[in-house]
Amino acid sequence: MATRPGRGFGPDLVVAFTLSTVPMRTATLPIRRLGLLAAAAVALALAPAAAAQSELAVQPGNGTLNEAIENDTARPADRVYVLQRGAYYGVTREINNQGYVLRIKAADGDGNRPVIYPGIDDTGTPVASRYFNLASDTYFDGIYFLAVNNQQGENATSFALNKEAMRFVVDDCVFQGGRSRLIEVNSAETKLLFTNSQFRNLIRNDGSSNGRPVDYRTVTGDSLVFQNTSFLNVSGYLVRYDGSLLRNVVFEHNTIYVTGRELTTNSFGTQTLNFRFTNNLVVNPYGLGQAPESDPENLRDGVIRFDSLDVPNGFTEADRQLVIRNNGYMITDDLQAYYDQRTASGDPLESYALVDDEVFEYAAANPSAVLRDNGTYDVDFTTPPNLDDYIAWLGNFRNGSTDPGTWTFGSDDLFPADQPPPEDLSYSVTNPAYTAAQGGFPLGDLNYFPPAVLEAYEAGGGLAVSSEDGPVERGFAIRTAYPNPTTGAATVTFDLDAASAVALDVYDSLGRRVLTAASRTVPAGAGQQVAVDASALPSGVYLLRMTAEAGGSTRVQTSRLTVVR
């Protein structure tokens, strides 16, 4: 995942990430749609800067960032602190943005991200357990955050979010290290947005649930979004949540490669109102494995947990929406060989599944839930992490060793920063996963692929939240368009439960109809097909709108088609 030129913090980025800020039960739209509308708002946050801001260049060094911020007594409201690419910035005192918005970004241009780490003060003492104690909206762009200092001391918590309803917006950043909780959310109704970023090597070798990217401390939450972000070697949950209500959670186009626990705590799945988990690629989750089910009728335990509400918060199951679709799951050959070896030696082990019985049962009982098109894939990554040390730790830990060792992805010494990160989790265009996401995009974090792929995704509005999320029980659903991206012709495959007059229209990004496939009668059946000739269309992302008319009623399904010249 290479660095990118910074896009800055224009007004579009600062204000667009609003999600739901009013009590959801008072909204005029049906409550279950708000999750999708909230998700759609995320794409607006990716808009380029609309106006110049008051930038202040900060020289590298130990304590220089503290001094720049603390001495900025005439700070304008639109201040941005700009850090040199490839330089190191030691934080020697907690940065607390009481009363002002904090914006820190990398200087424009190419090159390694600037590195912020917990520095050593003048007395030789490392900064306290956290180096950002945040009390207002915060925006980071293009920064490499190290949770360790140059003496290899490691912070338990790097970021504390302490202002009710504050925004924490991150783009193109790396978070490296952390043995406990990296981002601690201490105040209610916060809004967290992570795009085009990485969480790396958040590990504890004692088998605990520590090593967590985001940890809510029994508070309510407005929204949490991860988009085109990678989680690489996280020994705990990705999200710990034990509050009474988390309104909106979106995982969209992320790559998750090795976790030590489920993706979220059990209570997350019983206290989250709207949850969207789409187009992700999940590799080697809960690496410790589990004993096989004694009852063959039962599914394996899953790493995505979702079940009925169990905390009184004024909402019912009819108010919720669950969307888990178009995700990929895989266990790599080396980890599967470890499970097989343990099983052969008398310690039967198998991998966790993506979802388990409880999620299937919940989806079957709740019409607002969508659970579909999640598959198992066999992907050969371009440069995957080496799991030898991790697998050795697994064996030592299961054998009860008091010193099972440790492991990292990349350099064993996290300081200095390992830039660029060594993994390349792209894969071949011929792999089925390459077009398995909604709109025909690759599964997982799109930053690993050629820039045109991410650009096409963003040009199309980002999150796919149209009627293609409707339950398959309606009997009319677009399966896929192939090839997608296409240089000319494509075939749209769909399921139809009754003979209908089917028409297909293609719209550009401005909403103009640019192509029509003549209506024709199609018999009922799975895997029906309609051809689309896009050879005359310029490169771009287009909306496919398919209608099926029968018995005086009309049903509509939409999907996306990317044309590449």
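**Strand pairing and an enclosed cavity in a predicted model**

Arg325 of β24 stands opposite Arg372 in β26. The structure described here is a predicted model. The two strands that hold this pair, β24 and β26 (residues 370–372), run parallel and are joined by 3 bridges. Strand β24 is also paired with β22 (residues 272–278), again in the parallel sense, over 5 bridges. In that pairing, Phe275 is the residue opposite Leu322 in β24.

The surroundings of β24 (residues 321–325) were examined by burial. Of its 5 residues, 5 are buried, so the strand is largely enclosed by the rest of the structure. In a regular strand, side chains alternate between the two faces of the sheet. Gln321, Val323 and Arg325 lie on one side of β24, with Leu322 and Ile324 on the other; all are buried, and both faces of the strand are thus covered.

An open sheet of 11 strands is also present, with parallel pairing and the order β2-β4-β6-β9-β12-β15-β18-β21-β23-β25-β27. Its edges are formed by β2 (61–62) and β27 (375–376); each has a single partner strand, so one side of each is left without a neighbour in the sheet. At the β2 edge, the pairing with β4 (residues 88–91) is parallel and consists of 2 bridges. Here Asn62 is placed opposite Gly90 in β4.

The search for enclosed space gave 3 cavities of 30 Å³ or more. The second largest cavity holds about 80 Å³ of space. It is lined by 15 residues, of which Ser235, Gly260, Leu288, Trp393 and Trp407 are the closest to its centre. At least two lining residues are supplied by each of β18 (230–234), β21 (255–259) and α7 (388–398). Helix α7 contributes the largest share of this lining, with 3 residues. Two of the elements that supply the lining, β18 and β21, are also strands of the open sheet. By class, the lining of the second largest cavity comprises 7 nonpolar, 6 polar and 2 charged residues.

Model confidence was considered last. The average pLDDT of the protein chain is 85, and 87% of the residues score at least 70. Over residues 10–52, however, pLDDT stays under 50, and the model has 100 contacts beyond four places in sequence for this segment. Where pLDDT is low, the predicted coordinates should not be read in detail.

Technical notes
Residues numbered from 1 in each chain as written. Heavy atoms only, no water. 1 Å grid on protein atoms, 1.4 Å probe; cavity = no way out; pocket = protein on both sides within 12 Å on 5 of 7 lines; lining within 4 Å. Points joined across faces, edges and corners; volume = space filled by probe spheres on them. Helix = DSSP H or I, 4+ residues; strand = E, 2+ residues; numbered from the N terminus. Nonpolar A, V, L, I, M, F, W, Y, C, P; charged D, E, K, R; others polar. pLDDT = per-residue confidence, 0-100. Contact = heavy atoms within 4.5 Å. Buried < 20%, exposed > 50% of the residue type's maximum accessible area, 1.4 Å probe, protein only. Pairing = 2+ DSSP bridges.
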